[in-house]
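Student: I have a structure open and would like to go through its helices and a few residues. Where should we begin?

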Amino acid sequence: MNRTLQIAVAIVGLLAAGVYMLHFFGQINHPYIPAISGGVLIVAYLFGLYARKKQEKE
């Protein structure tokens with residue numbers, strides 16, 4: 001698995017977490033922020049698990 005892809009997905013996950021925290025503390029008010037940020041975080045986490053298992057097999 002490409003290491004730069006793993007780093008990019010981790011950065012996207014951190015940005016989604018940051019946006020969610022801004023929403024949580026009232027800095028951003030939009031009704032879809034929790035759903036979008038949550039979905040991105042879940043996808044990033046699942047991709048991280050997939051990449052780790054694939055890396056262990058190699």
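Tutor: Begin with L15, which is exposed, with a relative accessible area of 56%. The model is predicted.

Student: In which helix is the place of L15, and how far apart are L15 and G39 in space, C-alpha to C-alpha?

Tutor: L15 has its place in helix α1. Along the sequence, 24 residues separate L15 and G39. In space, C-alpha to C-alpha, L15 and G39 are apart by 13 Å.

Student: How are the axes of α1 and α2 placed relative to each other, roughly parallel or roughly antiparallel?

Tutor: Two packed helices are described by the angle between their axes and the distance between the axes. Helix α1 covers residues 3–24 and helix α2 covers residues 33–57; their axes come within 9 Å and cross at roughly 155°. Angles over 145 degrees count as roughly antiparallel. Therefore α1 is, with respect to α2, roughly antiparallel.

Student: What is the hand of the crossing where α1 passes α2, and which classes of residue make the contact?

Tutor: The crossing of α1 past α2 is left-handed. On the α1 side the contact includes L5, V9, V12, A16 and Y20, and on the α2 side it includes I33, L41, F47 and A51. By class, the contact of α1 with α2 has one charged, five polar and 14 nonpolar residues.

Student: What span should the 25 residues of α2 have, and how far apart are its end C-alpha atoms?

Tutor: The expected span takes 1.5 Å a residue, which gives 36 Å for the 25 residues of α2. The end C-alpha atoms of α2 agree with that, being apart by 36 Å.

Student: Is F47 buried or partly exposed, and how far is its C-alpha atom from that of A8?

Tutor: F47 is in helix α2. Buried means under 20% relative accessible area, and F47 has 21%, so F47 is partly exposed. F47 and A8 are 39 residues apart along the chain, and their C-alpha atoms are separated by 11 Å.

Student: Which residues of α2 are buried, and what is included in their cover?

Tutor: The buried residues in α2 are I33, S37, A44 and A51. What covers the buried residues of α2 includes α1.

Student: How far apart in space are L5 and A51, C-alpha to C-alpha?

Tutor: L5 is found in helix α1 and counts as partly exposed at 38% relative accessibility. L5 and A51 are 46 residues apart in sequence. In space, C-alpha to C-alpha, L5 and A51 are apart by 9.5 Å.

Technical notes
Residues numbered from 1 in each chain as written. Predicted model: local features only at pLDDT ≥ 70, side-chain atom pairs only at ≥ 80, totals over all residues. Heavy atoms only, no water. Axes fitted to C-alpha atoms, helices over the stretch in contact; angles between N-to-C directions. Helix = DSSP H or I, 4+ residues; strand = E, 2+ residues; numbered from the N terminus. Parallel < 35°, antiparallel > 145°, perpendicular 65-115°, else oblique. Left-handed = near helix turned anticlockwise from the far one by under 90°. Contact = heavy atoms within 4.5 Å. Nonpolar A, V, L, I, M, F, W, Y, C, P; charged D, E, K, R; others polar. Expected span 1.5 Å × (residues − 1). Buried < 20%, exposed > 50% of the residue type's maximum accessible area, 1.4 Å probe, protein only.
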